[in-house]
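Work through the following exercises with the structure open beside you, and try each task before reading its solution.

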Amino acid sequence: MNNGPLIFLGLFVSMAISWVTFVLGPQAQLADLQQAKTVAPLPVSYPNTPPGLARQGEQVYRAAGCAYCHTEQVRPAELGSDLARGWGVRRSVAHDYIYDQTVMPGAQRLGPDLANAGLRMDAMAVLPRLWDPRTVNNLDAGHSIMPAYKYLFDVRKIGRAPSPDALVTGSAFAAPPGYEIVPRPAALALAAYVASLRQEVYLFEAPPPPGSPAATALTAATNAPTGGTNAPAGGTNSPAGGSGVPALPGGSNAPAPQTTNANVK
Amino acid sequence: MIATEVTTPAPVSRTDLEATGAVPLLCLFAGAAVWLLLALLLALLCSLKLHAPALLASGPMFTYGRVRAAADAALLYGFGVPAALGVGLWLLCRLGRTRLAGPAVVFVGALAWNAAVAAGVWAILRGGGSGYEAFEMPGSVAPLLLLSYGLIGICGILTFRQREPGPLYPSQWFVFGALFWFAWIFSTAALLLLGSPPRGVLQAAVNWWYEHNLDTVFFGFAGLAPIFYFLPKLTGRPLHSHYLAAFAFWMLALAGSWGGIAVGAPLPAWLVSVSLVGTVLTVIPIAAVAMNLYFTLKGVGPALEANVCLRFISAGLLFWVVAGAQQVVGALPSVGALTDFTPFTTAQRDLFRYGFLAMTMFGAIYYIAPRLAAAKSGAPDGRWKGWLAKWHFGLMLAGVVIGYFSLLVAGVWQGVELQNPANSFVSVMRGSLVGLRLSMLEPLLLTLGVIAFLLNFALLLRGCCPCCRREKAIGPEPRKEGV
């Protein structure tokens, strides 16, 4: 261990191994990930590019550091209670993020996971939570430790007619008489982004949980010819895709397995 | 300056050697300490927001997420990297019995680095953060960071190359490794995350890989270097085994660079498994270092307490072992299922960054800075105010321990409670607020400790006034030289 160049070489090789494994490896596997067909409930293309306002909102989310308290990743059923808590219908997988500009899966939950926030609320329901999370009328009313993002709103005098965007204020967070709370563009974008977060469809690599209605329908549709248990295998082995599968009730699910095998291992 | 010293054939004294690097290294240390103070104040603000969410919430600048990101950036890039570089360069000079190569370049690099960090932290507070944890520096600042790091790093490598021939000491490997490691991981992250971001979760993979390498390998190397130097030196014991040290070094480079991906992450299963294997394997270097230094120090006893530098460094070593062990435990799927995303991981991270990194660096600086100041001024050894240093140590130790245990307990409690989906998320959060709020004492006590250090540092530099004057001479006013 007295030879500088030799130590350098050893370090370089160590770094190269790590780099190839953790940077190049996933790159080779996932860089070309494309839209896939979902396996349930209906074979549709997933994911889709988010609307423009949501894309702007993603940058608001990034700039405000929302990811320091909120994750955007649902763990599989055997890890934690994410699914049992209703934070999602399935685990998050690589496909869910391919159209994110800045991927912010987060590392800490001081607030709930938001991977499926769009399933729980629409943009109009997000706005009051930004104005003041403690006034939101739900089970945890008044107990949230989230800061209020009042700077995303204008409190202004009502003009001739109320602004169409103004918060429909409940008694808890009413503006002073004659005033209205109007979200700024950043608030609207952020709300659109949060409401756009939804991972509700099932993919080849994230199939419906066994026993769920979607899973029953899927196995009924795809296993009929072989009787096997591995649902996707039947579909991809048959060149004709779903068309070779006998139509069963709920048979619209049949073509689904002909999906993402090429992209995802 | 160079001409007179090169012509002297006699072996140069240690003081002469150290005088060369005094100004740039003291500059690195001063900048690091000021940044740490700022990082702690920002972290304190974050903690206060857990008491009063409405605090400073009227504008976007001091919103929790931004302050959190800015605090991390100030800690890692303002404090961590410059302190590691300063201590590392000094070790390369001392162990290689040579001068610092290109002190003026290091000085310029240090100024540029600090300017870039300032611009970066400001940008983060203005909403320009990159969105990648531990790598929030915006794309406009990262090239300057890389450039100024390169200036300092190249001088480090040149210093290493011009060492006196002879066997290398473990600390030299560690510094040498750290110098390259940061350049590699930072340039990878900058190119991939800021230059041309890859698609989807690949960004997260690169981000997690970067953060893990930054902590475990770069800061690990940078902190172990002074540990391996000062513990044997100040206790007068030879290092137990160089082989064991070499083994730990290579294992840390190999296994420490694999990890950072949590078990439930939306990434391919093989990657998650490889990360788990690498993280678990870091048990080996941790055990090797702990054993090596245990046998080195066996029976030293109270001597460890005699010297403030030793106190800091031995505490740093202890915290490194604990933080490393906790990282391994937390990576196990059965534990991670409970503790991921909870303050359990924050406890580990803070223990590593404050308990290990900051304490080790301060221990080293307490030894190095007075010698640099004295070498520069030609005055007898500079003196720290002993009582201030002891306060600094006591405050830091208390802060780190209180913060660690309150976050650890809060994290484990949250993890266990959240297992039951009937417990609402917000109620569990509120239940653990005691721990989260108690952990506010950590940045508070550490802030006081760093203030004690800065006071001490200022007194030290004032105590050698010629040194201060010469420091100024490097600036635009050389006419003061003759004073």
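**Exercise 1.** How are α3(B) and α14(B) oriented to each other?

Solution. Begin with the axes in this predicted model: those of helix α3 (residues 64–96) of chain B and helix α14 (residues 343–377) of chain B come within 10 Å and cross at roughly 40 degrees. Next, recall that angles under 35 degrees count as roughly parallel and those from 65 to 115 as roughly perpendicular. The crossing fits neither class, and α3(B) and α14(B) are therefore oblique to each other. As for its hand, the crossing of α3(B) and α14(B) is left-handed.

**Exercise 2.** Find which residues make the contact of these two helices, and sort them by class.

Solution. On the side of α3(B), the contact is made by L75(B), G80(B), A83(B), A84(B), V87(B) and W90(B), while α14(B) brings R353(B), L357(B), M361(B), A364(B), I365(B) and I368(B). Sorted by class, the residues of this contact comprise 10 nonpolar, one polar and one charged.

**Exercise 3.** Describe how chain A meets chain B.

Solution. Start with the extent of the interface, in which 63 residues of chain A are in contact with 67 residues of chain B. Then look for the elements involved: α1 (4–30) and α2 (52–63) of chain A each supply at least two residues of the side that touches chain B, and the largest share, 16 residues, comes from α1(A). Finally, divide that side of chain A by class, which gives 36 nonpolar, 19 polar and eight charged residues.

**Exercise 4.** Summarise the build of chain A.

Solution. Counting the secondary structure of chain A gives seven helices and four strands, and from the N terminus on these elements run α-β-β-α-α-α-β-β-α-α-α. Turning to burial, 47% of the 265 residues in chain A are buried.

Methods: Residues are numbered from 1 along each chain as its sequence is written. Chains are lettered from A and ligands numbered from 1 in the order in which they are written. This is a predicted model: local features need pLDDT of at least 70, side-chain atom pairs count only at pLDDT 80 or more; totals for chains, interfaces and linings use all residues. Two residues are in contact if their C-beta atoms, placed from the backbone, lie within 7 Å. Ala, Val, Leu, Ile, Met, Phe, Trp, Tyr, Cys and Pro count as nonpolar, Asp, Glu, Lys and Arg as charged, and the others, Gly among them, as polar. A residue is buried if 20 or more other C-beta atoms lie within 10 Å of its own, exposed if 12 or fewer, and partly exposed in between; C-beta atoms are placed from the backbone. Axes are lines fitted to C-alpha atoms, for helices over the stretch in contact, and angles run from 0 to 180 degrees between N-to-C directions. Angles under 35 degrees count as roughly parallel, over 145 as roughly antiparallel, 65 to 115 as roughly perpendicular and the rest as oblique. A crossing is left-handed if the near helix is turned anticlockwise from the far one by less than a right angle, and right-handed if clockwise.
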